[in-house]
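Student: I should like a close look at one kind of contact in this model, the salt bridges. Please describe where the partners lie and how accessible they are.

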Amino acid sequence: MSWLAKGWILLFAIALMVRVAAVAAIYDAEHAPFAYEHGEIAKNLLAGRGFSVRFLGADGPTSQQAPLYPVLVAASYWLFGVESTLSLLAIQLLQCFAGAATAVLLAQLTLALLPGRTTLAVCAGGIAALHPAQIYAVTHIQVAVWATLLLVAALRIAASHRSAGQRALGAGAATGALLLIEPIYVIALPIVGWLAVSPNVHTASSNNTWWRTLRWAVCLGATTLIVIAPWLWRNYHEHGELVFVKSTFGYAFWQGNNPRSWGTDKLPKQGIEAIRRSHEGTLKSWYQALWNARHEAIYIDDSLLTQADYQTLAALSEPERSRRLAARAWSTLSPSRYAALCWRRARYFLLFDETNPKAANLIYRGVTVGWLTLAIVGWICLGSDRKRLRPLMCVFVAVFIFHTLTITAPRFRLPAEMLTYAYAAAPLAVVFANWRRRVGADGGLIIRPIRASRRAA
């Protein structure tokens, strides 16, 4: 086994260990993780009612959520008991493995895009392994961990040095699974495709003709379509129209852009800050206070939708309910207010969501500022190597723009944020390489200027 393979195993072990420790440290049966709509769909699946949920006033077959995660939750409920402590812990522990695998895949992706920059790749994987937000994500019954894993996996396969056909098929399958977890990442499909078939990225493909490039691009897109086709057919059968994975785009747009909206699906509420601060200083009590504050936040549906609204919406098909709410938002949205909401969402996406009490935590804020600072400094430090990492930045920018224009929340940033760790690792790699060289030369008593050791990183 090569030293690099041993390094990946060590990175995986560290990432797994800290995630399992986090799950163990904060788990409390009285404040068990909430499964949201995923749990309700899972219970309906096990009860024989199919993929259904109560949504906007009506019970029935739904496309409110993408299928893979509710099915995973249902499998855990079936094995260990519906909403039992063991079933929720099993999901969390599985997510620990997913998060650890993501850290390794990100390190490998960075090395594939920047061959020879092993220190940089290891630092990127280390950030992914130890970043508090990514660790905390595994404790939630939400799709962020799996969306992050599949996004990084699709890019890793696309950037591998296998044949163009293998890259196209593998990346297409991973992207298809990603869309069945979170369909908004269809915006990343062109970037994954470009990375997989571009003759400028892979030396082995340097002699590709335009016809071969087009052929493998079509192959990647077709593979993605084959993976999601059964669900698209199911949606057409249930709703009588084509629904791309989820039916909720218009609904989400209404949440983020209605007359009272702050750009998210929640509204600020007085007294939440006091709830958030009401802990004893221990990790578990701190988590419980956050849990209580989060569930005290005002959900925008509860504030704006009346019983009459629900009765009206219940008479419509699920896709039409979503379109009706989107039209309602547009009818009251002036250009100046929409611009203000987009600006607010951009600030929330990059920094702190003021409607989410968890985002007020000083650890979260400090980590966020640290991440953004390192990413910006790393982008500068990378110089010409920025071109090699351009696909990662393109995905991040695309996701940032999408959520700026529609709706945002802290969890929406996690998959795209993972890709920026390759940039954030650059300053750390420079410092580490500088320290390593000086330790070898003079026992670590002198630190050379960073500029002199930049190439070694």
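Tutor: In this predicted model, a suitable place to begin is D309, which counts as buried at 17% relative accessibility, because buried means under 20% relative accessible area. The salt-bridge partner of D309 is R328, and the closest N and O atoms of this pair are 3.5 Å apart. The two residues belong to separate helices: D309 lies in helix α15 (residues 307–314) and R328 in helix α16 (residues 318–331), so the pair ties together parts that are 19 residues apart in sequence. Unlike the buried D309, R328 counts as partly exposed, at 34% relative accessibility.

A second pair is formed by R54 and D59, whose closest N and O atoms are 2.8 Å apart. Here D59 is exposed, with a relative accessible area of 57%, while R54 is partly exposed, at 47%.

A third salt bridge joins R347 to E354, again with the closest N and O atoms at 2.8 Å. R347 has a relative accessible area of 31% and is partly exposed; E354 likewise counts as partly exposed, at 42% relative accessibility. Beyond these pairs, E241, E320, R323 and R324 are joined into one network by salt bridges that share partners.

The full count for the model comes to eleven salt bridges, among them the R328–D309 pair, the R54–D59 pair and the R347–E354 pair.

Key:
Residues are numbered from 1 along each chain as its sequence is written. This is a predicted model: local features need pLDDT of at least 70, side-chain atom pairs count only at pLDDT 80 or more; totals for chains, interfaces and linings use all residues. Side-chain values use heavy atoms; hydrogens and water are left out. A salt bridge is a side-chain nitrogen of Lys or Arg within 4 Å of a carboxyl oxygen of Asp or Glu. Buried means under 20% relative accessible area, exposed over 50%, partly exposed in between (1.4 Å probe, protein chains only). Helices (H or I, at least four residues) and strands (E, at least two) are DSSP runs, numbered from the N terminus.
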